[in-house]
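Work through the exercises below with the sequence and the model at hand. Try each task before reading its solution.

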Amino acid sequence: MITGFHTIVYSEDPPATRRFFSEVLRWPSLDAGGGWLIFRTPPSELGVHPSSADPAEAWATVPYHQASLMCDDIEATIADLSARRVDVRTEVQDQGFGLVTSLRVPGAGWMLLYQPRHGLAHELEG
């Protein structure tokens, strides 16, 4: 039986990326051995999106996967992360499904941050 969903963030600077999740986002972790931290993440969801709206337009090529951070108040989250010296794009876009921006994860590039407008699948009963 499936008991969880494991996400991997690849990094050019794993110690900096681990510090970001540990010290900035304050996610608890355990050491799986040799400094390989595994973080407890907030509740998660999985969406399946088409790779394009039509054959002339490509949003992604398969295989492609994306990790996003969700929040309940994007402006407050931007202010909080900025106060923690996180590089957050302050321009918020309305993408229909939610309010969207991105933040820089040290060693791992930009990660989507959004305030969803849709129901939250992680709140569904098992």
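**Exercise 1. Determine how β3 and β6 pair, then place both in their sheet.**

Solution. Keep in mind that this is a predicted model.
- Start with the pair itself. β3 and β6 run in the parallel sense, and three bridges join them.
- Pick out a bridge. Leu69 has Leu113 in β6 as its partner.
- Add the helix. α1, residues 14-24, packs on the sheet and touches β5 and β6. Its direction makes about 130° with that of β5.
- Now order the strands. The sheet is open, has four strands and reads β3-β6-β5-β4. Its pairing is mixed.
- Check the edges. β3 (68-70) and β4 each have a single partner strand, so each has one side without a neighbour in the sheet.

**Exercise 2. Set the sheet in the whole fold: which pattern of helices and strands does the protein follow along its sequence?**

Solution.
- Count the elements. There are two helices and six strands.
- Read from start to end. The pattern is α-β-β-β-α-β-β-β.
- Take the extent. The C-alpha atoms fill a box of roughly 45 × 40 × 35 Å along the principal axes.
- Look at burial. Of the 126 residues, 21% are buried.
- Look at contact range. Among contacts with a separation of 6 or more, 42% join residues 24 or more positions apart.

**Exercise 3. Classify Thr17 as buried or exposed, and list its contacts beyond four places in sequence.**

Solution.
- Locate the residue. Thr17 sits in helix α1.
- Apply the cut-off. Buried means under 20% relative accessible area. Thr17 has 5% relative accessibility, so Thr17 counts as buried.
- List the partners. With neighbours within four places set aside, Thr17 contacts Val9, Ser11, Val105, Pro106, Gly107 and Ala108.

**Exercise 4. Find the salt bridges and say which parts of the chain they link.**

Solution.
- Get the total. The structure has three salt bridges.
- Take Arg84 and Asp80. Their side chains meet at 2.7 Å, N to O. Arg84 is partly exposed, at 24% relative accessibility. Asp80 is partly exposed too, with a relative accessible area of 36%.
- Take Arg104 and Asp87. The N to O distance in this salt bridge is 3.3 Å. The pair links distant parts of the chain, 17 residues apart. Arg104 belongs to strand β5 (residues 98-105), and Asp87 to the loop between α2 (74-83) and β4 (93-94). Arg104 is partly exposed, at 38% relative accessible area. For Asp87, also partly exposed, the value is 37%.
- Take Arg117 and Asp94. The closest N and O atoms of this salt bridge are 2.6 Å apart. Arg117 lies in the segment after β6 (109-116) and Asp94 in strand β4, so the pair ties together parts 23 residues apart in sequence. Arg117 is partly exposed, at 48% relative accessibility.

**Exercise 5. Describe the second largest pocket: what is its volume, and which residues are closest to its centre?**

Solution.
- Begin with the principle. Rolling a probe the size of a water molecule over the atoms shows where empty space is left.
- Read off the volume. The second largest pocket has about 300 Å³.
- Find the lining. It consists of 14 residues, and those closest to the pocket centre are Ile8, His65, Gln66, Ala67 and Met111.
- Assign the lining to elements. β6 gives the most to it, with four residues.

Terms used:
Residues are numbered from 1 along each chain as its sequence is written. This is a predicted model: local features need pLDDT of at least 70, side-chain atom pairs count only at pLDDT 80 or more; totals for chains, interfaces and linings use all residues. Side-chain values use heavy atoms; hydrogens and water are left out. A salt bridge is a side-chain nitrogen of Lys or Arg within 4 Å of a carboxyl oxygen of Asp or Glu. Buried means under 20% relative accessible area, exposed over 50%, partly exposed in between (1.4 Å probe, protein chains only). Two strands pair if DSSP finds at least two bridges between them. Contact means heavy atoms within 4.5 Å. Axes are lines fitted to C-alpha atoms, for helices over the stretch in contact, and angles run from 0 to 180 degrees between N-to-C directions. On a 1 Å grid over the protein atoms alone, a cavity is a set of points where a 1.4 Å probe fits but cannot get out, and a pocket is an open set with protein on both sides within 12 Å along at least five of seven lines; lining residues have an atom within 4 Å of a point. Grid points are joined across faces, edges and corners, and a volume is the space filled by probe spheres set on the points.
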